[in-house]
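Visitor: I have a model here and I would like to understand the labels put on it. Could you take me through the reasoning behind them?
Guide: Gladly; let us put it on the screen and begin.

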Amino acid sequence: MFGWLFHLGFDAFIISAFLAGIRRSTGLTPALSQVPNKDIRQLLRSYLEVGEYVFDFAVVVFGRSSSFERRH
């Protein structure tokens, strides 16, 4: 049971970070204004903010690694 919940949570982080990467590279973002329920809309907004944090954290970790290099 615990492993299954951990797996779902990890998948949620990955999907959220993926959406953050799409937002950063293309400007496309989910249309939260179409969600009718205000509470659900706020929950989704918070979920996407977590993805931004995960994405930023990954960029910092990869940027400090010798296995990755920046190309301009």
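Visitor: What makes R23 and E52 a salt bridge?
Guide: Keep in mind that this is a predicted model. The closest N and O atoms of R23 and E52 are 3.0 Å apart, and the cut-off for a salt bridge is 4 Å, so the pair qualifies. R23 sits in helix α1 (residues 2–26) and E52 in helix α2 (residues 38–64), so the pair links distant parts of the chain, 29 residues apart.

Visitor: Why is E52 called buried?
Guide: The relative accessible area of E52 is 16%. Buried means under 20%, so E52 earns the word.

Visitor: And why is R23 called partly exposed?
Guide: R23 has a relative accessible area of 42%. Buried would need a value under 20% and exposed one over 50%, so R23 falls in between and counts as partly exposed.

Visitor: How do you know that R24 and E52 meet in a salt bridge?
Guide: By the N to O distance between their side chains, which is 2.7 Å. That is within the 4 Å cut-off, so R24 and E52 count as a salt bridge. This pair also links distant parts of the chain, with R24 in helix α1 and E52 in helix α2, 28 residues apart.

Visitor: What makes D56 and R24 a salt bridge?
Guide: Their side chains meet at 2.7 Å, N to O, and the limit is 4 Å, so D56 and R24 pass the test. D56 lies in helix α2 and R24 in helix α1, so this salt bridge ties together parts that are 32 residues apart in sequence.

Visitor: What joins R23, R24, E52 and D56 into one network?
Guide: Salt bridges that share partners do. E52 pairs with R23 and with R24, while R24 also pairs with D56. In the whole structure, the search finds four salt bridges.

Visitor: Are R24 and D56 buried or exposed, and why?
Guide: Neither word fits, because R24 has a relative accessibility of 42% and D56 a relative accessible area of 35%. Both values lie between the 20% and 50% limits, so each residue is partly exposed.

Visitor: Let us turn to the rings. How many aromatic pairs are there?
Guide: The search of the whole structure finds three. One of them is F6 with F10, whose ring centres are 6.5 Å apart and whose planes stand at 20 degrees.

Visitor: Why is the pair of F6 and F10 called stacked?
Guide: Planes under 30 degrees apart count as stacked. The planes of F6 and F10 are at 20 degrees, so the pair is stacked. F6 and F10 are separated by about one helical turn, because they are four residues apart in helix α1.

Visitor: Why is F6 called exposed and F10 partly exposed?
Guide: The limit for exposed is over 50%. F6, at 57%, is exposed, whereas F10, at 45%, is partly exposed.

Visitor: What does V54 in helix α2 touch?
Guide: Leaving aside its neighbours within four places in sequence, V54 is in contact with F13 and A17. V54 is also 8.6 Å from A20, C-alpha to C-alpha, although the two are 34 residues apart in sequence. At 23% relative accessibility, V54 is over the 20% limit for buried, so V54 counts as partly exposed.

Visitor: Which atoms does the side chain of T26 reach?
Guide: T26 is in helix α1, and its side chain reaches the backbone oxygen of I22 at 2.6 Å. A polar atom of the T26 side chain also lies 3.2 Å from the backbone nitrogen of L28. Both distances are within the 3.5 Å limit, so they count as polar contacts.

Visitor: Why is the chain called more spread out than a compact globule?
Guide: The chain has two helices and zero strands. Its radius of gyration is 15 Å, well over the 11 Å that the globule rule gives for 72 residues, so the chain is more spread out than a compact globule. The C-alpha trace spans about 45 × 35 × 15 Å along its principal axes, and buried residues make up 14% of the 72 residues.

Notes. Residues are numbered from 1 along each chain as its sequence is written. This is a predicted model: local features need pLDDT of at least 70, side-chain atom pairs count only at pLDDT 80 or more; totals for chains, interfaces and linings use all residues. Side-chain values use heavy atoms; hydrogens and water are left out. Buried means under 20% relative accessible area, exposed over 50%, partly exposed in between (1.4 Å probe, protein chains only). Rings of Phe, Tyr and Trp (its six-membered ring) pair if their centres lie within 6.5 Å; planes under 30 degrees apart count as stacked, over 60 as edge-to-face and the rest as tilted. The radius of gyration is taken over C-alpha atoms; the globule rule is 2.2 Å times the number of residues to the power 0.38. A polar contact is a pair of N or O atoms within 3.5 Å; within protein, one must be able to donate a hydrogen and the other to accept it, and residues adjacent in sequence count only if both atoms are side-chain atoms. Contact means heavy atoms within 4.5 Å.
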